Amino acid sequence: YGKNHGQGIEIDGVVWAPVNCGYHATDFKYGKLYQWGRKYGVGYYGELWDNDVKTEEVYEDGILPETVDGLVYLKEYQSSEYDNVFFAVPSLHNTKYFPHWRPTLWNHGSDESPVRSEYDPCPAGWRVPTYTELNSIVSNMTWGVHDGQYGCWFTDSDSPSSMNSRIFLPAAGMINRSDAISEWRGNSGCYWSSLSSESGINNMLCFDSVDYFLDTWHSNIAPAASVRCVKDDSELICVESITINKTALTLSVGTTETLSASFLPANANQKDVYWYSKDNWIATVDAS
């Protein structure tokens, strides 16, 4: 929203944003919730819980999203026009959706050398944290209340003190993958990393008042969860040209051929290519 909320908190060499992505002091105090790989987040529209998992009130910081089938090529739906559309995936293990949500949407590099993508929801100069960066702050967690919000303090120290740098992640809840229902705000929080795999499994940090886990549990592409940005110091080197190894090809029915692409400059770090067929009745393609 164009407001600087501070330079962030440095923990073990990583600078963490002081508030969640999408934060607004009155309208989105918990930040927005993001489906993995999407540039625009949605608000929370559901029950607010207290520490004892009792409903306190109905919490509304956004209108109920429009729900559509998630079997889409997500890059075509990254404009603000779809910022209140939720792409639902009915089954946790429904792998037919995964090829349509490419694993490099937020990170064109790797977990070790991340490269912010154009779909990253964080402000300029910031990016979605890597799995390694999230893992680095879970040495110690303390459940508490900060600024009227339940949540957890995290630090990289096994023996935290008032001198340690720490960040507070509010228990912002999440949105169910299958029906866009908001749940668990005030009781638990889930925060995305930029790490994904070809199979569509994504990694996130989840916690409640008792414990945390940082794994692939229930974290497929579809739930909407929080993002806490980190300072980005990577250099984006864009592709200037792409060359395919064959410009024409004759195939007999039932046979296959593998195409390859080469890039200039060779050290470009944004090499996300999508293969498709303009007419699947003539020829089909896959990700490889």
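**Figure 1. Surroundings of S194 in strand β14.** S194 lies in strand β14, which spans residues 188-196 (strands are DSSP runs of E with at least two residues, helices runs of H or I with at least four, each numbered from the N terminus). The model shown is predicted: local features require pLDDT of at least 70 and side-chain atom pairs pLDDT 80 or more, whereas totals for chains, interfaces and linings use all residues. Residues are numbered from 1 along each chain as its sequence is written, and side-chain values use heavy atoms, without hydrogens and water. With a relative accessible area of 3%, S194 is buried (under 20%; exposed is over 50% and partly exposed lies in between, with a 1.4 Å probe and protein chains only). The side chain of S194 makes a polar contact of 3.4 Å with that of N107 (N or O atoms within 3.5 Å, one able to donate a hydrogen and the other to accept it within protein; residues adjacent in sequence count only if both atoms belong to side chains). Residues up to four places away in sequence aside, S194 touches W36, W106, N107, V128, P129 and T130 (contact means heavy atoms within 4.5 Å).

**Figure 2. The largest nonpolar core and V227.** The largest nonpolar core has 24 residues, of which W106, C122, W192, V227 and C229 touch the most other members (a core is a set of buried Ala, Val, Leu, Ile, Met, Phe, Trp, Tyr and Cys residues joined through side-chain atoms within 4.5 Å). Strands β7 (85-88), β14 and β15 (202-208) are the elements that contribute two or more residues to this core. Beyond its neighbours up to four places away in sequence, V227 touches N20, C21, Y34, W106, C122, V128, Y191 and W192. A second core, separate from this one, has 17 residues, including I137, W143, F154 and V230.

**Figure 3. A224 and its contacts.** A224 belongs to strand β17, residues 224-225. Because its relative accessibility is 1%, A224 counts as buried. When neighbours within four places in sequence are left aside, A224 is in contact with L33, Y34, Q35, F86, M174 and I175. The C-alpha atoms of A224 and G173 are 9.1 Å apart in space, while the two residues are 51 residues apart in sequence.

**Figure 4. The salt-bridge network of R127, E133 and D232.** A salt bridge places a side-chain nitrogen of Lys or Arg within 4 Å of a carboxyl oxygen of Asp or Glu, and by this rule the structure has six salt bridges. R127 pairs with E133 at 2.8 Å, N to O, and with D232, where the closest N and O atoms are 3.4 Å apart. The R127 and D232 pair links distant parts of the chain, 105 residues apart: R127 is in strand β8 (residues 126-127) and D232 in the loop between β18 (230-231) and β19. R127 is buried, with a relative accessible area of 6%, and E133 is buried as well. D232 also counts as buried, at 18% relative accessibility.

**Figure 5. The salt bridge between E257 and K246.** The side chains of E257 and K246 come to 2.6 Å, N to O, in a salt bridge. Both residues are in the loop between β19 and β20 (261-264), 11 residues apart. E257 is partly exposed, with a relative accessible area of 38%, and K246 is partly exposed at 35%.

**Figure 6. A nonpolar surface patch that includes I244.** The side chains of I242, I244, L249, L251 and L259 form a nonpolar surface patch of about 390 Å² (patch residues have over 30% relative accessible area and no salt bridge; like charges are joined within 9 Å, and nonpolar side chains, Val, Leu, Ile, Met, Phe, Trp and Tyr, within 5 Å). Areas follow the Shrake-Rupley method with a 1.4 Å probe, and for residues only the protein chains shown count as cover. I244 is in strand β19, residues 241-244, and counts as partly exposed at 32% relative accessibility.

**Figure 7. Backbone geometry at A180, W184 and P265.** Most residues other than glycine have a negative phi, and most peptide bonds are trans. A180 has a positive phi, near 65°, and is found in the loop between β12 (174-175) and β13 (182-185). A180 is buried, with a relative accessible area of 2%. W184, in strand β13, has a positive phi of about 75° and is partly exposed, with a relative accessible area of 33%. The peptide bond from L264 to P265 is cis, with omega near -5°; P265 is in the segment after β20.
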